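User: I'm new to this one. Can you walk me through a few spots?
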Amino acid sequence: MKTTELLVIGGGPAGLCAALSAAESGASVTVVERNNRLGGQLIKQTHMFFGSREQYASTRGIDIAKILEAELIKYSRQIEVLTDTAVLGLYEDGVVNALYKEEDYFKIKPKAIVAATGAYEKSLAFPNNDLPGIYGAGAVQTLMNVYGVKPGNNVLMVGAGNIGLIVSYQLMQAGVRVAAILDAAPKIGGYLVHASKIARMGVPILCSHTVKEAIGKDCLEKAVICMVDERFSPIPGTEKELEVDVMCISVGLTPLCELLAMRGCEMKYVPQLSGSVPVRNERYETTIENLFVAGDASGIEEASSAMVEGRLAGLCAAAKMGYKPADFDERFKGYAAQLKALRSGPVGEHILRGIEQIVSKEDRHV
Amino acid sequence: MFEQTGIPERDMIIEKFPPVERIDRGPVAIVECYKRIPCNPCETACRFNAIRVGEDINNIPVTDHEACTGCKVCISKCPGLAIMAVDGSKSKETVEISLPYEFLPLPQKGDQVSALDRAGNFVARVRVVSVLNPKSFDRTPVITIEADRKHMYDIRNIRTEEH
Ligand SMILES: Cc1cc2nc3c(=O)[nH]c(=O)nc-3n(C[C@H](O)[C@H](O)[C@H](O)COP(=O)(O)OP(=O)(O)OC[C@H]3O[C@@H](n4cnc5c(N)ncnc54)[C@H](O)[C@@H]3O)c2cc1C
Ligand code: SF4
Ligand code: SF4
């Protein structure tokens, strides 16, 4: 059986920062990533990121992934990376079950774990939502920005959060027409600077609208949209048909933490964090000792905060294993201050209300 | 309506512009960032301290139009593409408007392009007077066009023929 000190599950921004932070403290780390490359969501993000300098703001997501990978090289003696490897299960005896390239099963026994598994996309129910041509935003981004394949020619974007707005912009950059962006909410959910970018390309953003049904024989040919009232019920007589060959569903993400639930972590459904997330202490340790969590897996937020959470989780996991650096308090406070700054706005307030519900002050593991 | 459409109202736009007297003295940045978001690269980008966000990175950036030299660096660094610049020093009839533009094909100096407003509507045919695309701008080129003064508050985008 393979052994390691810290096992990081997921090679996105949170996982990579957890690995770097733990290695900086002196721990040996194994990063396991189910994709064939590191970076998580970052490898699809061709736009410049928000945030401040500490979180590489104004740098494109794809380039942030490269910066983090370059940092890994500095710790190549301490950090081992296993790509094409998915963690399938965490067990009571501390053994982790993993699968390499969908054929070789193997076991790992770590001293501590940081789960940074990210998120998965929510879907939307409407008649014919399984027609070819109807994609999740993540799939559209992967096709376009990872493989260089246009998903179609004329897109209806469903969802005006940041992801819907950004993916619409990227579609237009790829030369694809975006017919409209709609959202059931009465207001645009994403940053208005992103919305303005799209609006000045002549793409209408339709709030209080939803998809009624998709029409098509072998693939999507038309979308029927309609207005909704304050209770999100369709308003009869407001239906409109749009001729589109792609519908891109971007109605939000939800934390991917089945592994943690399976292992018996206490979970809680928190709407502000977009789903069911593990209860944890201030050091990112779940109710299962030596099992830590960071990034979107502990609540949907941003890469900027995911990176800082990863640094914190890695720092605390290493400390728990005996690698407590002399400047632990300083580093802890510094990262906490970065998170506080990121979360001090209106979006952050919402997140903070969610976090309050999962962070237990009492310490079960002392 | 701004929160439903992403299209700012005219009074919001005018409020972000410096007085015409300042515009007539030379290029100046206009920072169209209207809502609190955790972001501050505009402040970091400006060597002249002309944009301030401050301690709380959610603050709405405040522009010191007197300190601004119109160097256009911030235009390429803003992830929201929320910054433009205007310059009224070249002529009494026209203004030069500089905009971020991340589409291909890039227009060339001297090209005629269509100027669009904040809703993407056609405003006028205009001439491209410069295309800045140095490596430091990291793939966010800044296009400067020459437009009639009466369109100063309207133009916010361009469309090349092919697009
Ligand atoms: C279109 C779009 C635009 C965005 N724009 C911005 C932006 O401008 N600024 C910003 O800050 N954020 C942005 N984000 C958000 C940001 O990408 C995420 O918040 C961030 O990537 C979360 O990081 P993470 O490491 O928690 O998760 P992810 O990046 O999702 O990484 C999780 C990783 O874990 C791996 N994994 C999952 N399960 C397993 C398993 N069982 N075994 C092995 N590996 C596993 C996954 O393959 C993945 O690589 C955007 C997101 C999207 C979709
Ligand atoms: S144009 Fe130059 S001087 Fe003016 S605000 Fe932008 S970066 Fe600063
Ligand atoms: S960089 Fe752009 S989006 Fe960010 S705060 Fe400054 S003006 Fe607003």
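User: How many bridges join β7 to β8 in chain B?
Analyst: 5 bridges join β7 (residues 122-132) to β8 (residues 142-148) of chain B, and the two strands run antiparallel. Strands are DSSP runs of E, at least two residues, numbered from the N terminus. Two strands pair if DSSP finds at least two bridges between them.

User: What stands opposite S130(B)?
Analyst: T144(B), in β8(B).

User: Quick check on ground rules?
Analyst: This is a predicted model: local features need pLDDT of at least 70, side-chain atom pairs count only at pLDDT 80 or more, and totals for chains, interfaces and linings use all residues. Residues are numbered from 1 along each chain as its sequence is written, chains are lettered from A and ligands numbered from 1 in the order written, and side-chain values use heavy atoms, without hydrogens and water.

User: Back to chain B. What is the strand order of the open sheet?
Analyst: β1-β4-β5-β8-β7-β6-β9, 7 strands with antiparallel pairing. The edge strands of chain B are β1 (28-31) and β9 (157-159), and each pairs on one side only.

User: New topic. Where does G12(A) lie?
Analyst: In the loop between β1 (2-9) and α1 (13-25) of chain A.

User: Is G12(A) buried or exposed?
Analyst: G12(A) is buried, because its relative accessible area is 11%. Buried means under 20% relative accessible area, with a 1.4 Å probe and protein chains only.

User: Which residues is G12(A) in contact with, leaving aside neighbours within four places in sequence?
Analyst: E33(A), G39(A) and G40(A). Contact means heavy atoms within 4.5 Å.

User: And where does ligand 3 lie?
Analyst: Between chains A and B.

Note on methods
Near = heavy atom within 4 Å. Helix = DSSP H or I, 4+ residues; strand = E, 2+ residues; numbered from the N terminus. Buried < 20%, exposed > 50% of the residue type's maximum accessible area, 1.4 Å probe, protein only.
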